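Good morning, and thank you for the time on the agenda. Please bring up the sequence and the structure, and I shall take you through selected side-chain pairings and one helix packing.

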Amino acid sequence: LNTVRFMAIIRKADNIVEAIDAVSTMLQYAMSKDGETTGLREELANLGSYLFIQNARFGGRFALATDCPEGLLSARIPRFILQPAVENCVVHGYRDAYGSGEIRVAASEADGKLRLSVEDSGRGMSPSRLAGIFLAGEGGEGRGEGGIGLRIVREMVRASCGEGYDVLVDSEEGRGTRVTYLLPLEKDGRP
């Protein structure tokens with residue numbers, strides 16, 4: 001990547017340099033040995049790199065808006081927990097849509113829990129598709145109505161965080177989708 005980046009710098013291809021920087025940032029984040037959790041601030045930075053790459057592909061259509069109080073940016077969350085929902089916004093929520101699409105990420109504290117949400121105002125889902133969002137395909141294998149990304153995240157949250165913690169999806173056709181994460185509120189490893 002550094003060689004390709006250097007070649008792009010020589011040719012003054014700034015857009016390629018920026019795309020390589022975004023990919024490099026995502027790879028460093030993915031390969032970090034800092035454990036299974038990360039700070040919300042770092043997760044948001046990774047989402048920014050992910051959307052930069054998607055914008056390079058789709059002509060700058062997507063904007064990331066965050067509403068996360070400064071005091072919650074140090075909250076510890078599982079790595080890559082938000083990325084599947086953001087990817088669904090890009091791939092499904094705004095599929096076939098013209099113009100731009102905003103993806104909103106919010107954080108709040110409720111009843112001693114961290115509440116995160118990822119929301120779009122895209123296509124939304126029918127009630128039957130929404131009902132199958134966490135179901136596996138036949139025999140528990142393959143893709144069901146919802147694929148595997150959010151299903152795996154939900155299973156991981158439930159297994160690692162315990163009762164009362166979950167991933168929920170709300171959607172309305174033509175109005176968009178919201179994925180809500182209910183997580184333990186830990187800052188710098190402390191509840």
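I shall speak about salt bridges, then a helix pair, then the cysteines and one histidine.

Please keep in mind that this is a predicted model.

Let me begin with charge pairing. Side chains of opposite charge can pair when their charged atoms come close. How many salt bridges does a search of the whole structure find? The search returns nine, and I have chosen three of them to discuss.

The first on my list is Arg 41 with Glu 70, where the closest N and O atoms are 3.0 Å apart. This pair links distant parts of the chain, 29 residues apart. Arg 41 belongs to helix H3, residues 40-58, whereas Glu 70 sits in the loop between strand E2 (62-67) and strand E3 (76-78). As for solvent, Arg 41 has a relative accessibility of 40% and therefore counts as partly exposed. Glu 70, with a relative accessible area of 56%, is exposed.

Next, consider Glu 119 and Arg 178, whose side chains form a salt bridge with an N to O distance of 3.5 Å. Glu 119 is part of strand E5 (residues 113-120) and Arg 178 is part of strand E7 (residues 176-184), so this bridge ties together parts 59 residues apart in sequence. Both partners are partly exposed: Glu 119 at 23% relative accessibility, and Arg 178 with a relative accessible area of 32%.

My third example is Asp 166 with Arg 154, a salt bridge at 2.9 Å, N to O. Asp 166 lies in strand E6 (residues 166-172) and Arg 154 in helix H6 (residues 149-161), so parts twelve residues apart in sequence are tied together. Are these two residues buried or exposed? Asp 166 is buried, and Arg 154 is buried as well.

There is also a network to point out. Glu 102, Arg 104, Glu 119, Asp 170 and Arg 178 are joined into one network by salt bridges that share partners. Glu 119 and Arg 178, whose bridge I have just described, both belong to it.

I turn now to helix packing. Two packed helices are described by the angle between their axes and the distance between the axes. Helix H2, residues 14-31, packs with H3 at an angle of about 140°, and the two axes are 9 Å apart. The crossing of H2 past H3 is left-handed.

Which residues meet there? On the H2 side they are Glu 18, Ala 19, Ala 22, Val 23, Thr 25, Met 26 and Tyr 29. On the H3 side they are Glu 42, Glu 43, Asn 46, Ser 49, Tyr 50, Phe 52 and Ile 53. Sorted by class, this contact comprises eight nonpolar, three polar and three charged residues.

A word on the cysteines. A disulfide is a covalent bond between the sulfur atoms of two cysteines. The structure holds zero disulfides. Cys 68 is buried, with a relative accessible area of 16%, and Cys 89 is buried too, at 4%.

I close with His 92, in helix H4 (residues 83-93). Its relative accessibility is 29%, so His 92 counts as partly exposed. Leaving aside residues up to four places away in sequence, His 92 touches Glu 87 and Arg 123. The C-alpha atoms of His 92 and Gly 124 are separated by 8.4 Å, while the two residues are 32 apart along the chain.

Thank you; I am glad to take questions.

Definitions and conventions: Residues are numbered from 1 along each chain as its sequence is written. This is a predicted model: local features need pLDDT of at least 70, side-chain atom pairs count only at pLDDT 80 or more; totals for chains, interfaces and linings use all residues. Side-chain values use heavy atoms; hydrogens and water are left out. A salt bridge is a side-chain nitrogen of Lys or Arg within 4 Å of a carboxyl oxygen of Asp or Glu. Helices (H or I, at least four residues) and strands (E, at least two) are DSSP runs, numbered from the N terminus. Buried means under 20% relative accessible area, exposed over 50%, partly exposed in between (1.4 Å probe, protein chains only). Axes are lines fitted to C-alpha atoms, for helices over the stretch in contact, and angles run from 0 to 180 degrees between N-to-C directions. A crossing is left-handed if the near helix is turned anticlockwise from the far one by less than a right angle, and right-handed if clockwise. Contact means heavy atoms within 4.5 Å. Ala, Val, Leu, Ile, Met, Phe, Trp, Tyr, Cys and Pro count as nonpolar, Asp, Glu, Lys and Arg as charged, and the others, Gly among them, as polar. A disulfide is a pair of cysteine sulfur atoms within 2.5 Å.
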